[in-house]
Amino acid sequence: MTEFKLPELGENIDQGDLVRLMISPGATITEGQAVMELETDKAVVEVPSTVSGVVKEIRVKEGEKIKVGQVIFTFENGAGAKSKAPEPKAQQAAAAASGATATMQLPRNEAQPTSAPRSAAAVSAGPASSRPSSGASANLGLTEFKLPELGENISQGDLVRLMISPGTRVSEGQPVMELETDKAVIEVPSSISGVVKEVRVKQGEKVKVGDVIFTLEGAAAPQAERPRHVPVEHVSGQQGARLAFQAAIQAEGKTEEQALPPDQPQPLPPSFTMPAQLEKVAGAERGEPIPAAPHVRRLAREIGIDIHDVKGTGPGGRISEGDVKAYSKSLLATVAAAAQAPRGAQFAQPELPDFAKWGKVERVSIRGVRRKTAEHLWQAWTTVPHVTQNDKADITELEQLRARFAPKAQEAGGKMTVTAIALKVCSSALKIFPQFNASIDLAKDEIVYKQYINIGVAVDTDRGLLVPVLRDVDKKNIVELAAELTQLSKKAREKKLTLAEMEGGTFTITNLGGIGGTGFSPIVNYPEVAILGLSRSSMEPVWLNGKFEPRLVLPVSLSYDHRLIDGADAARFLRWIAEAFEQPFLLSVQG
């Protein structure tokens, strides 16, 4: 049988959740055939088979977390990777048939101290003769299984589930535990085979890389792959002397550190230090006297600046008031730059109380899209100074037009919704108010004005909030936008949205009108600078033509980045959008 392992999925993608299996034991598969659907952080991808054959055994289940390189299923009568399997066996048979034996076995990765090249028979016999001895030594006692490396910058995790117990027989590659890291829950496979003797950890504990998980009896250490042809190494005299020295200290049972203890550090002569009080009396506490007038010194004291740290620009290094103020501004700039650094280490969440003291609780790990959403919204909230502007739009006439043109949108495969109309309204507004279609770059002291209009629309899914992006909104009519929005929303709910379809937005719209509410404060989708929120429309009495009339009113909310957008500009922008909803003809004139 041959194993099919999960191949590479793309850059920075090393695992995913198994959504659907497309095969079963006994099924015949061909190379290129889709065998499973895998959900990564933001997309669902189909994984094709790289081999052909008949499925024998499936090693995974739907809903499990799968890592790159993990065995998915085994098959027989296969092509592709199976053709390479007999090659090691042929090499072993050839090595056994040679009948040659190695005269001496040195420690791993060390060369034999000989000046003559070894014969071909001795080279071929080396790997064959060394394997039995290593397996026997591993079986003499208990073998420890330690938590292996989990990936870059991952040093520990929470033990979610143990899949073994004392007395269980495990084989190499068999999952033995589920470990939850910062961003995913992964299955950890065993690298050795044997019978579990003792389990050293418990579910719920924090486990670090290198910690002993369990011990095994009758375990054979994994054999490292040896090169097909061992190169002939020529050892110099210095290398031969070092090898002889290592062999001698090993025979005595010592290490290099014990045989060659480090030199004792030489004590440094005591340095003379002037007493602090004497320094103050002598005027040598901070070196030479500072060339600064008394009023300059007083200014430095008042604003909390150490005059000794200020560099003077006057004659002879004399410090002026301008020098003190310039130094103060440089310190403030440093503090401002530090404020723009990642906030994770600066603003740690306060420790929570023990909620179990007051009743039963349940803890569920934050995974996948929900964790990414939490991280992104935390970054946006701590980076952007948010302000929300509210207004109302009379959409009575717009609702009549929407009902009239709804059949055209249906023919194109979409729905004529208020959100689809809002896409066109906002694209027109962004042309008139370009500061809302921009980003702010404080590191370079620049404002980035984008010459394209890509608008994201928040979609509510069972996995969390996803924001597909419609591109070049200003170049499409409302019917085209309605059809595209319907297709992207469907892909988001069916877990088929790709990462590329959620990137490159310049503005965002979120509509909670289908659920309810009279207003809310949406969070800006950083690095954008504004987001429009739509609430549920309702009939309200509006004073028109000397009397109250029932009108359909839509609440609209605009959250914006106050670092770039002033309140007056936000009010004008939102009023323009409201008037565009109230007067649809305005779009054909200005949009």
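## Exercises on helix packing and strand pairing

K476 touches K424, R471, L481 and E484, leaving aside residues up to four places away in sequence. The model behind these exercises is predicted.

**Exercise 1.** Work out where K476 lies and which residues it touches.

*Solution.* Start with the chain: K476 sits in the loop between β23 (469–470) and α11. Next, go through its contacts, which include K424 and L481. Then try a C-alpha distance: K476 and S427 are 49 residues apart along the chain, and their C-alpha atoms are separated by 9.9 Å.

**Exercise 2.** Describe how helix α10 packs on helix α11: what are the angle and the axis distance, and which residues make the contact?

*Solution.* Two packed helices are described by the angle between their axes and the distance between the axes. Take those two first: the axes of α10 (residues 418–432) and α11 (residues 478–493) come within 9 Å and cross at roughly 125 degrees. Angles from 65 to 115 degrees count as roughly perpendicular and those over 145 as roughly antiparallel, so this crossing falls in the oblique class. As for the hand, the crossing of α10 and α11 is right-handed. Now pick out the residues: α10 supplies T419, A420, I421, L423 and K424, while α11 brings I478, L481, A482 and L485. Sorted by class, that contact of α10 with α11 has 7 nonpolar, 1 polar and 1 charged residues.

**Exercise 3.** Do the same for α10 and helix α12: what is the angle, and how do the contact residues divide by class?

*Solution.* Geometry first: α10 and α12 (residues 567–582) pack at about 135 degrees, with their axes 10 Å apart. That angle makes α10 oblique to α12. The hand of the α10 and α12 crossing is right-handed. On the α10 side you'll find I421, A422, V425, C426, S428, A429, L430 and I432, and they meet F573, W576, I577, A580 and F581 in α12. The tally for this contact of α10 with α12 is 12 nonpolar, 1 polar and no charged.

**Exercise 4.** Place strand β4 among its partners: how many bridges join it to β2 and to β5, and how many of its residues are buried?

*Solution.* Take β2 (residues 15–21) to begin with: 4 bridges join it to β4, and the two run antiparallel. One bridge to look up there pairs D17 with E39 of β4. Move on to β5 (residues 44–48), which is joined to β4 by 5 bridges, again antiparallel. Here L38 has V45 in β5 as its bridge partner. Last comes burial: β4 (residues 34–39) is mostly covered, with 5 of its 6 residues buried.

Conventions: Residues numbered from 1 in each chain as written. Predicted model: local features only at pLDDT ≥ 70, side-chain atom pairs only at ≥ 80, totals over all residues. Heavy atoms only, no water. Axes fitted to C-alpha atoms, helices over the stretch in contact; angles between N-to-C directions. Parallel < 35°, antiparallel > 145°, perpendicular 65-115°, else oblique. Left-handed = near helix turned anticlockwise from the far one by under 90°. Contact = heavy atoms within 4.5 Å. Nonpolar A, V, L, I, M, F, W, Y, C, P; charged D, E, K, R; others polar. Buried < 20%, exposed > 50% of the residue type's maximum accessible area, 1.4 Å probe, protein only. Pairing = 2+ DSSP bridges.
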